[in-house]
Amino acid sequence: MSLPVADLIPFAARRRRVLEWMQSQGGGIALVATAPQVMRNRDGDYPYRHDSDFYYLTGFIEPEAWLVLIAGAQTRSVLFCRQRNEAQEIWEGRRVGPEAAAERFGLDDAYPVEQLSECLPPWMLDRPCLWLSQSARPAVQETARTALRAAHDQARAGARAPATLRDLDPVLAEMRLIKDGSEIAAMRRAARISAGAHARAMRAARPGMREYELEAELLYEFRRHGAQAPAYNSIVAAGANACILHYPAGDAELRDGDLVLIDAGCEFDSYAADITRTFPVNGRYSGPQRALYDLTVAAQQAAADATAPGRHWDEGHQAALRVLAQGMLDEKLLQGSLDGVLESGAYARFYMHRTGHWLGLDVHDVGDYRGPAPQPGAPRPWRLLEPGMTLTIEPGIYVPRADDVPPAFWDIGIRTEDDALITEEGCELITRGVPVDAREIEALMRE
């Protein structure tokens, strides 16, 4: 993999920001490892996907790689990666190799990964702090501890090993929360491809199909437009299956008169899209289906209107919740007053999740949902939204069969989800390449 110089700029800039932060905290050495390859069975591996933090700082996508950041009087960014191996490359594909990696990825140096344990201990000497992800895999943490023990053993003549271990996760999570231009461009591409896949599934849906057939339509559209993989396991849920929140696409039949819920998105250049649409198998919503569908669309619009710079994270959820709860009362799914339903949490019987999550390199991306406490021991307030943040807006309503529920609503599960980019003015729903209005969906399905 060779990246043009312009494409290396974001990765180099991110490494500089981490190094500057480390220097502001007194300096030290940081270790970031990529994800391991995992065997699926026998000779077959699961499709490889690099670690998100590692990719965020390097752009390097091969397995068995480490990034070492050193902050002191001078700063260094060093990559450890696999060596070139002609015999293995015949089977597995070409490797960059350490000889070319530093120049190609804008790093100060690169070494064979076999030299990591040799290089780390002396590099740790006279570094006051070791920075490591506290969520790192046990094997990564053990490598760091082994190197730290070796550094203590080598310390002499006034040299010291790091005395402090600090968590790198909050630093990287805070950085990843605000997307730069290259990230937004990748997310827009993922959004366009994913929207096209949902539209394709709507056009293809017919009574008698199976859920896995619609999943195949999604996967085909992802790959034919250059997406590297699905961002997560696609949910294709027909009929009552839509009331199971994380239902995987199975072999259930799409029946005339039922709805089908699809929650699916692709990953493009490591960035995820996440879209949900719910549509009628036969191309036309029934009266009860349309009532609940329009309710989720109204709730989503209320949440989007409350999603803007300076508004706090929870405002969108609360706005959607009021609309949904009022609709549940209007349709006789619940009894009582709006304030009573909200206070008691009675709505959670039909709406049991929040209205969104951060989105980026991971579908449920990193980043704190709350800000710092105003004083020790005080509750932490919800985080204020800022331009460049990306999140989902996804209200839903799920009505399983029950004696105290009007039969017309039995087994209806609906979710409406779009990806939102916080702008200077408000938020932009970047996944609206697939319609959300019921009439527009019906028109698309007639094509």
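In this predicted model, the count of cavities of 30 Å³ or more comes to one. That cavity, the largest, has a volume of about 110 Å³, and its lining is made up of A303, T307, W313, G316, H317, R354, T355, G356, L385, L391, T392 and I393. The elements that give two or more residues to this lining are α11 (313-330) and β15 (390-393). By residue class, the lining of the largest cavity divides into five nonpolar, six polar and one charged. Such spaces can be found because rolling a probe the size of a water molecule over the atoms shows where empty space is left.

Besides the cavity, there is an open space to consider, namely the second largest pocket, which holds about 400 Å³ of space. It is lined by 20 residues, and those that lie nearest its centre are H246, D263, H357, H364 and E394. The table sets the two spaces side by side.

| Space | Volume | Lining residues by class |
|---|---|---|
| Largest cavity | about 110 Å³ | five nonpolar, six polar, one charged |
| Second largest pocket | about 400 Å³ | eight nonpolar, six polar, six charged |

The chain as a whole is divided by the domain assignment into domain 1 (8-176) and domain 2 (178-446). The centres of domain 1 and domain 2, taken over C-alpha atoms, are separated by 37 Å, while 11 residues of domain 1 are in contact with 15 residues of domain 2.

We can now turn to the strands, beginning with β4 (66-71). In a regular strand the side chains alternate between the two faces of the sheet. In β4, W66, V68 and I70 lie on one side and L67, L69 and A71 on the other, and all of these residues are buried, so that both faces of the strand are covered. Strand β4 pairs in the antiparallel sense with β1 over six bridges, and it pairs with β5 in the antiparallel sense, also over six bridges. The residue I70 serves as a useful landmark here, since I29 stands opposite I70 in the pairing with β4, and I70 in turn stands opposite R76 in β5. Between β4 and β5 there are three residues, and the two strands form a hairpin.

The strands β1, β4 and β5 also meet a helix, α5. The buried residues of helix α5 (residues 116-124) are L116, C119, L120, P121, W123 and M124, and they pack against β1 (28-33), β4 (66-71), β5 (75-81), β6 (109-112), β7 (129-132) and α6 (138-154). Just after α5, D126 takes a positive phi of about 65°.

Further along the chain, an open sheet of three strands has the order β9-β12-β13, with antiparallel pairing. Because β9 (229-230) and β13 (271-272) stand at the edges of this sheet, each with a single partner strand, one side of each is left without a neighbour in the sheet. Strand β9 is joined to β12 (residues 266-268) by two bridges, and in this pairing P230 stands opposite C266.

A further antiparallel pairing involves β10 and strand β11 (residues 259-264), which are joined by four bridges, and here V236 stands opposite I262 in β11. Strand β10 (residues 235-238) is covered on both faces, with I235 and A237 buried on one side and V236 and A238 buried on the other. Strand β11 (residues 259-264) can be compared by number with the pocket described above, where D263 is among the residues nearest the centre.

Terms used
Residues are numbered from 1 along each chain as its sequence is written. This is a predicted model: local features need pLDDT of at least 70, side-chain atom pairs count only at pLDDT 80 or more; totals for chains, interfaces and linings use all residues. Side-chain values use heavy atoms; hydrogens and water are left out. Buried means under 20% relative accessible area, exposed over 50%, partly exposed in between (1.4 Å probe, protein chains only). Two strands pair if DSSP finds at least two bridges between them. On a 1 Å grid over the protein atoms alone, a cavity is a set of points where a 1.4 Å probe fits but cannot get out, and a pocket is an open set with protein on both sides within 12 Å along at least five of seven lines; lining residues have an atom within 4 Å of a point. Grid points are joined across faces, edges and corners, and a volume is the space filled by probe spheres set on the points. Ala, Val, Leu, Ile, Met, Phe, Trp, Tyr, Cys and Pro count as nonpolar, Asp, Glu, Lys and Arg as charged, and the others, Gly among them, as polar. Contact means heavy atoms within 4.5 Å. Domain bounds come from an automatic or database domain assignment.
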